[in-house]
Protein chains: 2
Amino acid sequence: MNIAFQGTYGAYSEQAVKAYFGTHCHTTPCEHFDEVFDKVAHSECDFGMVPVENSLAGSIHRNYDLLLRHQLHIVGEEILRINHQLIALPNVSLTDIKRVYSHWQALDQCEQQLQRLLPNAEKIQTFDTAGSVRLLLDEQRTDTAAIASRQAAELYQLPILHASIEDDPTNYTRFVALSRYPYLTLSNDISYKTSLVFAAPNVPGALFKALAAFSLRDIDLTKIESRPLQGSPFKYLFYLDFLGNATDTPVVHAIQHLKELATLVRILGCYPQADHTVLR
Amino acid sequence: MNIAFQGTYGAYSEQAVKAYFGTHCHTTPCEHFDEVFDKVAHSECDFGMVPVENSLAGSIHRNYDLLLRHQLHIVGEEILRINHQLIALPNVSLTDIKRVYSHWQALDQCEQQLQRLLPNAEKIQTFDTAGSVRLLLDEQRTDTAAIASRQAAELYQLPILHASIEDDPTNYTRFVALSRYPYLTLSNDISYKTSLVFAAPNVPGALFKALAAFSLRDIDLTKIESRPLQGSPFKYLFYLDFLGNATDTPVVHAIQHLKELATLVRILGCYPQADHTVLR
């Protein structure tokens with residue numbers, strides 16, 4: 001199996017791939033999220049794995065937009081604890097560090113700890129966390145550290161200067177696995193989640209009525225996300241996740257009901273729910 | 001009047017300040033959004049102006065988080081058409097350009113036009129659009145262009161190499177004006193908008209019930225946005241905008257009703273609605 005992810009080897013997305021598909025699968029790094037979708041769509045990879053939401057920073061909107069643009073199916077989800085490490089070249093100590101490389105979101109998530117440990121260090125944005133470790137290694141910079149995962153430190157064989165440098169330990173990212181084919185083998189023994197996107201007409205109460213289709217049938221929504229409708233300023237698409245299998249009778253009825261009210265409804269996938277007990 | 005904004009002189013935020021408060025007000029540039037909130041909170045500035053939503057890219061979440069963290073009031077809104085220009089030093093032509101500087105969002109919004117005009121140019125992320133023009137000027141780079149507003153080109157007296165370089169002309173940003181004091185003079189002659197934030201208990205149907213408080217009273221929601229609740233992975237706060245004045249009887253009742261259901265309710269502001277006829 002060959003699975004596409006965005007970033008450099010050692011990225012959190014690659015970690016999510018290994019956690020979901022097993023450590024022996026083959027991984028294909030991609031520069032942009034679009035490329036992950038394209039590689040799956042064009043059969044260059046069997047699956048893709050993309051982040052959709054971080055518990056501190058919120059949704060990764062680009063991937064919601066790409067889900068709509070492509071005809072792929074969500075076939076699984078994985079929740080990963082994000083645990084940032086401060087990584088440097090061998091024999092470098094904290095007092096040598098004048099610059100820190102990382103993705104802006106990782107720099108943001110370590111703001112207070114960096115302020116405490118390295119109050120004068122310049123923070124330099126890079127395109128991804130694991131890539132910042134490779135950059136450090138390529139440049140052989142002894143005045144610079146990078147923020148990335150433990151896996152990235154191990155892969156590039158660099159020491160961790162300071163472990164768990166994130167400000168808030170409740171830092172999790174939810175990833176979804178993408179396939180050209182829907183998840184088919186539905187069983188009664190496990191819980192499923194369904195993801196869909198809909199557009200409500202621009203009339204008062206439209207969102208309320210759309211949510212009624214689910215609430216009146218006691219279907220539990222786990223997430224709602226609004227995204228701008230391209231070409232219509234300040235009108236929105238809504239992405240919903242709810243507990244249930246797309247073939248359950250109440251879910252079938254809820255989707256039928258939603259179709260009466262909405263101007264667009266598309267099921268993005270129905271898949272086994274991730275183990276949420278990893279969350280503290 | 002002294003108004004704080006994020007970015008360099010010539011930024012889109014400064015343009016929103018001038019459009020809302022008039023061209024003669026004094027503006028104070030700030031490096032980060034936090035600083036805008038701080039300067040207003042500590043009486044260093046009378047007002048602040050921050051973007052909350054772009055019609056293509058979606059919400060600027062950092063500012064939603066800062067609205068909750070600070071005790072400021074939204075007292076107005078301004079909708080600005082975002083019209084990007086490709087700017088370079090005098091006597092530079094398109095064929096000289098090997099690099100383009102701008103904020104990642106502006107680079108993203110001009111992707112297809114850049115691909116057509118400058119297929120081989122390297123795209124370099126900077127912290128803001130107007131700042132990328134200043135950087136170009138400081139570095140006197142004849143192989144580089146910047147993407148920013150017409151105002152930034154005029155301010156730094158640089159020519160526009162290619163006008164309206166954005167891919168999609170339906171590009172608008174909504175800004176809100178912040179004050180230490182709520183908007184007080186409510187009149188019956190104009191329409192108002194109210195913004196609030198609430199947290200719903202984590203039980204099925206909680207969001208539906210919260211929205212019912214508004215829909216049952218025919219109050220028109222104009223926006224709903226979910227943000228992660230810090231410290232509680234995959235639980236959310238909801239930011240609502242609706243048409244109406246916080247002293248209208250149905251609005252007073254809706255807020256009372258919401259307080260019965262929600263674990264937190266805070267009114268962020270009640271202010272005159274911007275002129276939406278600017279939208280095509």
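**Around A:Ile87: core, sheet, domains and chain contact**

Leaving aside residues up to four places away in sequence, A:Ile87 touches A:Val133, A:Ala145, A:Ala146, A:Ala148, A:Ala152, A:Ala153, A:Leu158, A:Ile160 and A:Leu161. The model in which these contacts are found is a predicted one, and A:Ile87 offers a convenient place from which to read it. In the largest nonpolar core, which holds 161 residues, A:Ile87 is one of the three that touch the most other members, the others being A:Met49 and B:Ile87. In soluble globular proteins, nonpolar side chains tend to be buried together.

The strand that carries this residue leads into a sheet. Strand β6 of chain A, residues 85-87, runs antiparallel to strand β9 of chain A, residues 144-148, and three bridges join the two; within this pairing, A:Ala146 in β9(A) is the bridge partner of A:Ile87, and A:Ala146 also appears among the residues that A:Ile87 touches. Both strands belong to an open sheet of five strands in chain A, with mixed pairing and the order β8-β7-β9-β6-β10. Because β8 (122-125) and β10 (160-162) of chain A each have a single partner strand, they stand at the edges, and one side of each is left without a neighbour in the sheet. From one strand to the next, the twist averages 35°. Helix α6 of chain A, residues 129-139, lies across β6, β7 (99-102) and β9 of chain A, and runs at about 155° to β9(A).

At the level of domains, the assignment for chain A gives domain 1 as 2-81 + 172-179, domain 2 as 85-162 and domain 3 as 192-278. The centres of domain 1 and domain 2 of chain A, taken over C-alpha atoms, are separated by 24 Å. Where these two domains of chain A meet, nine residues of domain 1 are in contact with 14 residues of domain 2, and the side belonging to domain 1 of chain A divides into five nonpolar residues, four polar residues and no charged ones.

There remains the contact between the chains, to which chain A and chain B contribute 28 residues each. On the side of chain B that touches chain A, the elements giving two or more residues are α8 (206-215) and β13 (221-228) of chain B, with β13(B) supplying the largest share, six residues. The residues on this side of chain B divide into 13 nonpolar, 10 polar and five charged, whereas the side of domain 1 of chain A that touches domain 2 of chain A has no charged residues.

How values were computed: Residues numbered from 1 in each chain as written. Chains lettered and ligands numbered in written order. Predicted model: local features only at pLDDT ≥ 70, side-chain atom pairs only at ≥ 80, totals over all residues. Core = buried A, V, L, I, M, F, W, Y, C linked by C-beta atoms within 7 Å. Buried ≥ 20, exposed ≤ 12 C-beta atoms within 10 Å, placed from the backbone. Contact = placed C-beta atoms within 7 Å. Domains from an automatic or database assignment. Nonpolar A, V, L, I, M, F, W, Y, C, P; charged D, E, K, R; others polar. Pairing = 2+ DSSP bridges. Helix = DSSP H or I, 4+ residues; strand = E, 2+ residues; numbered from the N terminus. Axes fitted to C-alpha atoms, helices over the stretch in contact; angles between N-to-C directions.
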